[in-house]
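Please find below a colleague's note on this structure, set out as numbered points for someone who is meeting it now. It takes the domains, then the surroundings of the ligand, and then two helices.

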Amino acid sequence: MTDHALPTDWDFDATAARRDRYYAASLTRFTPFRDPIVFRKGQGQYLWDAHGRKYTDMLGMNVCISVGHSHPRVVAAAMEQAQTLTHCTTMFYHPTPAHLAEELAATMPPGHDWVVHLTNSGAEAIDLAMTMARTYTGNLDLLALRTAYHGPTAAAQSITGIAGWRHPGMPGNVAFVPEPNQYRGIFGPGTQPYLDEIDRTIASATPGQVAGIVVESVQGYGGIIEMPPGYMSGAAERVRAAGGLYIADEVQSGFGRTGAHFWGFEADAVVPDIVVMAKGLGNGFPIGAVVAKKHVAAPMAERFMFHTYGANPTSAAAARSVLAILRDEGLQDNAHTVGGAFLERLHDLKDKHAIIGDVRGTGLMLAIEMVSDRDAKTPDNDATTEVFEASREQGIILSKSGPFQSCLRMVPPLCLSLEDVDHVVKGLDVACQKAADRIGR
Ligand code: PMP
């Protein structure tokens, strides 16, 4: 089978009629492109649509594809497990999730005992982390960042800052603090004013009953917002002084994606009390996890906590192979090198195109932010949409994100190569020019 060959032995109905029927009869609406794409095949960092057209997947199928689409080792591991015993509910011991739990614990900072609980998704893991922090501390209030996204379940929505992403009727006991966005944060660049605001919020909004703070080590949907130096450790210090825990959401930023570190929180001198992970762990297989310090998790053992598929051996087998591939193929180092080169090239693009207001990120977690006025930093949704569409014409899949949907997020599989960077930068160059022409700038 060549790169472009597509499987023909199954019913692949890419017609608009079936798609429209599906949308009419489900809650699924998310078709980001004006002219929707139907993907049919993935391999490595590439996708092919139903017409056989090839794309570079700079979205990593929503940050899930860490080691490459349909990686043969992941497929083989999952196949072998599925053929032997597809599912073994968490009531029974199975060695595959047990191995995975040990391997995940081993990625955590040394000097602590870690407890691992496997879930099916990031939001479930976030829910559990929230319950765990409230149970351990006996407090109810959680702090979260305004432009955070933590998932679609009720509890995860309750700590998701952007109003449009959170139903107003979600559970309460949450106070939001401003995100330390170094480009457009309300206190400008720096760390201290954002930490001072945590102190003020604890004193005013949650006196005496802080259960913890939840922080994405690099915000994903928020538009790739790196926590500035000292923010994570400073936040942990302040919240702990008030009796709460530090919870790191590594759903997007984990597994080597930030390049310099395996976990995003390792960029600062902080050891979280609870770490939440998903997405890249399964390379597309649904799996998440909460890894918590043993004493923090202990009171939860008294409670009923059971995810039917949580320790599903097929997903766990896939995840084990992902951890092995990340190591064997040196993908964190690759993210560091290729991401570093990519970032430099994006800065060159910014010098050339006035519609790019900011370039940021680390490793293979990068973004450009589109503006209509560089000095005023006015978010430009039209330019973002046009670059997004024009990039697709160049064979590049991006993702719109950020509170103003003015950021184009780039979170590809970690096997992206320097040749891919060259291709993507050239494509983005054309796309930015086309977008500027289309919106008359
Ligand atoms: N946390 C972060 C940072 C996320 O980006 C997401 C999902 N995009 C979640 C949690 C929720 O994960 P899931 O969609 O697997 O429930």
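1. The domain assignment of the chain gives two parts, with domain 1 made of residues 16-63 together with 331-438, and domain 2 made of residues 74-328. Please keep in mind throughout that this is a predicted model. Taken over C-alpha atoms, the centres of domain 1 and domain 2 are separated by 26 Å, and the contact takes 25 residues from domain 1 and 23 residues from domain 2.

2. On the side of domain 1 that touches domain 2, at least two residues each are supplied by α2 (60-63), α11 (331-352), β13 (356-362), β14 (365-373) and β18 (407-410). Helix α11 gives the most to this side, with 5 residues, and by class the side has 12 nonpolar, 8 polar and 5 charged residues.

3. Which residues come nearest to the ligand? Of the 14 residues around the ligand, these are Ser 121, Gly 122, Ala 123, Gly 151 and Val 251. Helix α5 (residues 122-137) provides the largest share of the shell, 3 residues, while by class the shell around the ligand has 6 nonpolar, 6 polar and 2 charged residues.

4. Helix α4 (residues 95-106) has 12 residues, which at 1.5 Å a residue should span 16 Å, and this agrees with the 16 Å between its end C-alpha atoms. Its residues Thr 96, Pro 97, Leu 100 and Leu 104 are buried. Because these buried residues cover an arc of only 90 degrees around the axis, they lie on the same side of α4. On the other side of α4, Pro 95, Glu 102 and Ala 106 are exposed, and what covers the buried residues of α4 includes α3 (72-85), β4 (114-119), β12 (288-293) and α10 (313-328).

5. Helix α13 (residues 418-438) has 21 residues and reaches 30 Å from its first C-alpha to its last, close to the 30 Å expected at 1.5 Å a residue. The buried residues of α13 are Asp 420, Val 421, Val 424, Gly 427, Leu 428, Ala 431, Cys 432 and Ala 435. They cover an arc of only 145 degrees around the axis, and therefore sit on the same side of α13. As general background, an α-helix has 3.6 residues a turn, so residues three or four places apart point the same way.

6. On the other side of α13, Glu 419 and Asp 437 are exposed, whereas the buried residues of α13 pack against β3 (54-57), α11, β13, α12 (381-393) and β16 (396-397). After α13 comes Gly 440, whose phi is positive, near 70 degrees.

How values were computed:
Residues numbered from 1 in each chain as written. Predicted model: local features only at pLDDT ≥ 70, side-chain atom pairs only at ≥ 80, totals over all residues. Domains from an automatic or database assignment. Contact = placed C-beta atoms within 7 Å. Helix = DSSP H or I, 4+ residues; strand = E, 2+ residues; numbered from the N terminus. Nonpolar A, V, L, I, M, F, W, Y, C, P; charged D, E, K, R; others polar. Near = placed C-beta within 6 Å. Expected span 1.5 Å × (residues − 1). Buried ≥ 20, exposed ≤ 12 C-beta atoms within 10 Å, placed from the backbone. Arc of directions from axis to C-beta.
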